[in-house]
Amino acid sequence: ATMALMLNLGVASVYAHEQPVRMTFSGTSAASAISLQQPGTSNDEDNFAGYGTLGAFTLRNVRAVATSPDAAGSCPSPTQVYFTEPAGAGVFRFQDGSLLKVNLTQGGDCIDFTALVAHCTFSYQITGGTGRFKDASGDLTLTETDLPVLADALHNPVFFADTGEFTGRVSGVAR
């Protein structure tokens, strides 16, 4: 019985309790070849790199973005227009090769077409992963700023530079 208790305590200590997470990133966004088949949306893809509580990472994220503004959404400035993001998912890859999977639960962009800047906020649910994230769960919030880098022949921005951060809580991460 003593040995069983020691093993249980040893296994339990391998997994960290819920911990706060903060990770900063930079990268790019553009249209994605992956189609999420969401009506009234286009598909965007993010490629980010950063560092934070969980270590150095890259992130590939695919999202459906509404093609029409949402009048019910709100932005802090009257010069901004709100667009929802109804679906998406991403995979973080960390230096040790572990993967952390996330699903988009809510997202929105406040786009200022005059200033040519977007401020975006997304909520993600952690859905496990591989390696030290095999049993991970929790929630992350992304806040980012997008700036256009390249426009198409009709002067529509199509490639963006992004900076921002993830904050939230994660549990079930092996040490």
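## Close-up views of a predicted model

**Figure 1. Welcome to the largest pocket, whose lining draws on many strands.** β1 (19-31), β2 (41-52), β3 (55-66), β6 (99-112), β7 (117-129), β8 and β9 (157-171) each supply at least two residues of this lining. Please keep in mind that the model shown here is predicted. Of these strands, β7 gives the most to the lining, contributing 4 residues. The pocket has a volume of about 610 Å³, and 28 residues line it. If you would like to find the middle of the pocket, look for Asp44, Ile111, Phe113, Pro157 and Phe160, the lining residues that lie nearest its centre. By residue class, the lining divides into 16 nonpolar, 8 charged and 4 polar residues.

**Figure 2. Aspartate 146 is a buried acidic residue without a salt bridge.** You will find aspartate 146 in strand β8, which covers residues 137-151. Its nearest side chain of opposite charge belongs to arginine 63, and the gap is 5.6 Å. For reference, a salt bridge here calls for a side-chain nitrogen of Lys or Arg within 4 Å of a carboxyl oxygen of Asp or Glu. Leaving aside residues up to four places away in sequence, aspartate 146 touches Leu116, Val117, Ala118 and Cys120, and also Phe160, Ala161 and Asp162. One of these contacts, Phe160, may be familiar from the pocket view, as Phe160 is among the residues nearest the centre of the largest pocket.

**Figure 3. Arginine 169 and glutamate 18 pair across a long stretch of sequence.** Their side chains meet in a salt bridge, with an N to O distance of 3.7 Å. Arginine 169 sits in strand β9, while glutamate 18 belongs to the loop between α1 (2-14) and β1, so this pair links distant parts of the chain, 151 residues apart. Are the two partners buried or exposed? Arginine 169 counts as partly exposed, at 41% relative accessibility, and glutamate 18 is exposed, with a relative accessible area of 51%.

**Figure 4. Arginine 132 and aspartate 96 form a bridge between two loops.** The side chains of arginine 132 and aspartate 96 meet at 3.0 Å, N to O. Arginine 132 lies in the loop between β7 and β8, and aspartate 96 in the loop between β5 (87-94) and β6, so their salt bridge ties together parts 36 residues apart in sequence.

**Figure 5. Lysine 134 and aspartate 135 make a salt bridge of their own.** Here the N to O distance is 3.5 Å. Lysine 134 is exposed, with a relative accessible area of 53%, whereas aspartate 135 counts as partly exposed at 40%. Elsewhere, salt bridges that share partners join Asp46, Arg63 and Glu85 into one network. Arg63 also appears in the legend to Figure 2, as the nearest oppositely charged side chain to aspartate 146. A search of the whole structure finds 7 salt bridges.

**Figure 6. A step back shows the chain as 1 helix and 9 strands.** Reading from the N terminus, the elements run α-β-β-β-β-β-β-β-β-β. The C-alpha atoms fill a box of roughly 70 × 30 × 30 Å along the principal axes. Of the 175 residues in the chain, 37% are buried. Among contacts between residues at least 6 apart in sequence, 57% join residues at least 24 apart.

Definitions and conventions. Residues are numbered from 1 along each chain as its sequence is written. This is a predicted model: local features need pLDDT of at least 70, side-chain atom pairs count only at pLDDT 80 or more; totals for chains, interfaces and linings use all residues. Side-chain values use heavy atoms; hydrogens and water are left out. Buried means under 20% relative accessible area, exposed over 50%, partly exposed in between (1.4 Å probe, protein chains only). Lys and Arg count as positive and Asp and Glu as negative; His and the chain ends are not counted. Contact means heavy atoms within 4.5 Å. On a 1 Å grid over the protein atoms alone, a cavity is a set of points where a 1.4 Å probe fits but cannot get out, and a pocket is an open set with protein on both sides within 12 Å along at least five of seven lines; lining residues have an atom within 4 Å of a point. Grid points are joined across faces, edges and corners, and a volume is the space filled by probe spheres set on the points. Ala, Val, Leu, Ile, Met, Phe, Trp, Tyr, Cys and Pro count as nonpolar, Asp, Glu, Lys and Arg as charged, and the others, Gly among them, as polar.
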